[in-house]
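Me: I'd like a close look at a single part of this model, the place where the two chains meet. Could you walk me through that interface?

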2 protein chains.
Amino acid sequence: MDPVVDVHAHALPLPLLEGLERDGLADLSDLPRGVLRLAPQLSGLAAGAPIPLPPEQYEVSARRAAMAATGVTRQLVSAPPFVFGSLCPDDALVLEVTRRSNDALAAHVAGSGGALLGLGTVPVGLPGAADELTRCLDELRLAGAAIGTFGGGRELDDPVNEELWATLAARRCFTLLHPSRASAPERLAGFHLVQLLGYPAETALAATRLVLGGVLDRHDLVLCLVHGGGCLPAALPRLDLGWERKPVARTSAAPPSRYLRRFFLDTAVFDAVALHRLVADAGADRVLLGTDFPFDLADRDPVGTVDALGLSPADRAAVLGATAIRLLGATVR
Amino acid sequence: MDPVVDVHAHALPLPLLEGLERDGLADLSDLPRGVLRLAPQLSGLAAGAPIPLPPEQYEVSARRAAMAATGVTRQLVSAPPFVFGSLCPDDALVLEVTRRSNDALAAHVAGSGGALLGLGTVPVGLPGAADELTRCLDELRLAGAAIGTFGGGRELDDPVNEELWATLAARRCFTLLHPSRASAPERLAGFHLVQLLGYPAETALAATRLVLGGVLDRHDLVLCLVHGGGCLPAALPRLDLGWERKPVARTSAAPPSRYLRRFFLDTAVFDAVALHRLVADAGADRVLLGTDFPFDLADRDPVGTVDALGLSPADRAAVLGATAIRLLGATVR
């Protein structure tokens, strides 16, 4: 059977959450109703804001049942951005929570019988990020990294991240870039707009800064953008026009649209036409199965999503899992 | 000859700018070098930020020469958002500048020999907005309206705008919705990102609030989104998913994607494939020629842009100008 690898799935091991609760950073009293609450300084959310926490987030057995039901043979799990601390002003707290999160994730996937691989959280924007990446890969034996779109008060193209990019590139580390904040959340109040609009815009901003900030010219990264790159593909023609006509926006070696194929992009775009266009633009070799499991807004039939594209058998196998397996290399047995 | 109508073009009549300079709100000392500076409280830009001001912004003869060179027979001109005062806390100042802007625009188009039609600025978010709209249409004989994406400290779906929406609908008023601010401009510093990324995201946010805020369920507007709707089309599948699964986002009568054809969308998307997809999604009867003339990032060959679509003769004529003429109705002779 062809491997079916979901590169965009989340996990929140209970030992992490229980430790956070002991420190006053989490409230697990509504766990039986599937709700988690986190301290605002960590989550960036309002005090008391409910975060869905179905058992699949922390119980391997429940997760494996859901995977079996949808034909997913392997999941790359990463912490959701609520524990990234992207807007937290306390760098030491962010590093401490990140380390505990990675320790817990490593233990969680170690108990999954090979069904799960972990992507360690790397705290972008903080001077210790590259060290934590090395620890994740060498000590915790995690399969890759997950990074947010902001951290330490700095955008991704800030020089503070140069050592991190160099280390990710040298290790050929599979890295999931996940929105971890939204611009102007007060304007996104209501209608779930932080996630529905803020996150896709955030991915476009982060990816654009990697392009126009020259990061992708300096470093050959293995970087996957969630949700098909969010608004990035739609923004590329205008970014190209800016590159052509505005000297201040001509800072990359080539027009921004030429960088689309420097990213990998997941399939969680929730529309067959949109996904078809994404594959046409980026190439089937650049699209990876992703779901956002087990959140409410996940793709619940990822294999069906790919099958609806009518790809050639080789391209179908690539999107479903073969490319992901190739990128993960020696970490997958 | 088929009419070729550019619905998205800007004008800044000199009498307006000279009046603003007398009041300390504009600096025209660099006019010979094609640069305007506006007071930050009006423009929302940094103090001293240069705004391109080529002669085509204020000289009808220069504009008509450019129109003739590109085959545009008529332009709907509107003030650029730098004089909308969208972030200005002084409501009285915003209303005063808006009135002067509309007076100057009316005089400007009256001297154009029929080549130009004016879209009056309507100050969304302010209680006097509907009155100014009525004045624009009845006294100034302007052809329609232009609105920003924010005003008076309020988003477009704020109840303060209900009277304006009702009046726009009752008048069947052609209304251009133009981004007039960007979320978190400090994150868009460098690379011209306020315009390249902030504006397309802004149009998506404004249009989404009109949909999910129920404005389009309550009012039948004739609303054109610039730049092909910015990021709105790309965001619709995720908005639909939210509508399906999150009660807080199920506030419109139908899924958000069903509202795409409730908007008109201009052709200024700067990519043949992207425009082809826009026409496929929204329909040729919902796409109108638009350029952003005379700014640097304008479509400089709008007829060529439409011709590249390979539309049927009837659809080509509709996009080039027939639909715009129909929407403008009695205001066009």
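Reply: Happy to! Before we get to the contact itself, a word on the chain that makes it: over residues 5–329 of chain A the chain is 42% helix and 15% strand, with the end C-alpha atoms 13 Å apart. That stretch is covered by the UniProt annotation "domain: Amidohydrolase-related", which comes from an unreviewed entry. Please keep in mind that this is a predicted model.

Now to the pair. A turn of 180° with a shift of 0.0 Å along the axis lays chain A on chain B, with an RMSD of 0.0 Å. That is the relation of a two-fold axis. The copies meet through the same surface, because 100% of the interface residues of chain A are also interface residues in chain B.

As for extent, chain A gives 52 residues to the contact and chain B gives 52 residues. Between them the chains bury about 4500 Å², with 62% of it on carbon and sulfur atoms. On the chain A side, the residues that lose the most area to chain B are A:Arg187, A:Phe191 and A:Arg238, together 22% of what that side buries.

The polar side of the interface is worth a look too. There are 8 salt bridges between chain A and chain B; one of the salt bridges joins the side chains of B:Lys246 and A:Asp296, at 2.7 Å from N to O. Helix H7 (193–212), helix H9 (232–245) and helix H10 (272–282) of chain A each supply at least two residues of the side that touches chain B. The largest share of that side, 12 residues, comes from H7(A).

Conventions: Residues numbered from 1 in each chain as written. Chains lettered and ligands numbered in written order. Predicted model: local features only at pLDDT ≥ 70, side-chain atom pairs only at ≥ 80, totals over all residues. Heavy atoms only, no water. UniProt positions renumbered as here; feature names shortened; annotations may be inferred. Helix = DSSP H or I, 4+ residues; strand = E, 2+ residues; numbered from the N terminus. Least-squares fit on C-alpha atoms with pLDDT ≥ 70 in both. Contact = heavy atoms within 4.5 Å. Buried area = accessible area lost by both parts, 1.4 Å probe. Salt bridge = Lys/Arg side-chain N within 4 Å of Asp/Glu carboxyl O.
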